[in-house]
Amino acid sequence: MTNVHTTAMSAAKVTVSIDSGLLKRVDHLVKARVFTNRSQAIQAAVKETVSRLDSNRLARECAKLDKGEEQELADEGLAAEAKEWLEY
């Protein structure tokens with residue numbers, strides 16, 4: 001993990017329960033000055049996880065596409081444009 005700097009933003013206080021072993025690891029990162037405090041460490045982890053979930057959602061939605069149909073649409077679009085291309 002690298003040093004993480006956050007910009008000023010509105011924040012809401014929440015109470016969470018964390019496994020004691022995981023909390024020790026977070027505290028180690030704070031002590032090693034990777035994060036300035038527990039809140040910053042946990043906020044960075046949540047942000048990264050949410051971002052990863054969003055990316056995975058996009059991949060799942062793309063997997064639902066019919067590759068043959070998408071190829072036909074792409075070929076159809078290229079064929080229509082090909083008439084306008086200069087010949088080399």
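## Helix H3 and its cap

Helix H3 covers residues 67–82, and its 16 residues, at 1.5 Å a residue, should span 22 Å, which agrees with the 22 Å that separates its end C-alpha atoms. The model discussed here is a predicted one, and the agreement therefore concerns computed coordinates, the expected and the modelled span of H3 both being 22 Å.

At the N-terminal end of H3, Asp-66 acts as a cap, with a side-chain oxygen placed 2.9 Å from the backbone nitrogen of Gly-68.

## Overall make-up

The protein contains three helices and zero strands, so that its elements, read from the N terminus on, follow the order α-α-α. Two of these helices, H1 (residues 20–31) and H2 (residues 38–63), are linked by a salt bridge that is described below.

Of the 88 residues of the protein, 6% count as buried, where buried means a relative accessible area under 20%. The accessible surface of the protein comes to about 8,400 Å², and carbon and sulfur atoms account for 55% of that surface.

## A salt bridge between H1 and H2

Three salt bridges are found when the whole structure is searched. One of them joins the side chains of Asp-27 and Arg-38, with an N to O distance of 2.6 Å; because Asp-27 belongs to helix H1 and Arg-38 to helix H2, this pair ties together parts that are 11 residues apart in sequence.

Asp-27 counts as partly exposed, since its relative accessibility is 27%, and Arg-38 is likewise partly exposed, with a relative accessible area of 41%. Side chains of opposite charge can pair when their charged atoms come close.

## Salt bridges at Glu-48 and Glu-61

Within helix H2, Glu-48 and Arg-52 lie four residues apart, about one turn of the helix, and they form a salt bridge whose closest N and O atoms are 2.8 Å apart. An α-helix has 3.6 residues a turn, so residues three or four places apart point the same way. Both partners are partly exposed, given a relative accessibility of 43% for Glu-48 and a relative accessible area of 44% for Arg-52.

Glu-61 forms a salt bridge with Lys-64, in which the closest N and O atoms are 3.1 Å apart. In this pair Glu-61 counts as partly exposed at 36% relative accessibility, whereas Lys-64, at 62% relative accessibility, counts as exposed, the cut-off for exposed being over 50%.

Terms used. Residues are numbered from 1 along each chain as its sequence is written. This is a predicted model: local features need pLDDT of at least 70, side-chain atom pairs count only at pLDDT 80 or more; totals for chains, interfaces and linings use all residues. Side-chain values use heavy atoms; hydrogens and water are left out. Helices (H or I, at least four residues) and strands (E, at least two) are DSSP runs, numbered from the N terminus. The expected span of a helix is 1.5 Å times one less than its number of residues. A polar contact is a pair of N or O atoms within 3.5 Å; within protein, one must be able to donate a hydrogen and the other to accept it, and residues adjacent in sequence count only if both atoms are side-chain atoms. Buried means under 20% relative accessible area, exposed over 50%, partly exposed in between (1.4 Å probe, protein chains only). Accessible areas come from the Shrake-Rupley method with a 1.4 Å probe; for residues, only the protein chains shown count as cover. A salt bridge is a side-chain nitrogen of Lys or Arg within 4 Å of a carboxyl oxygen of Asp or Glu.
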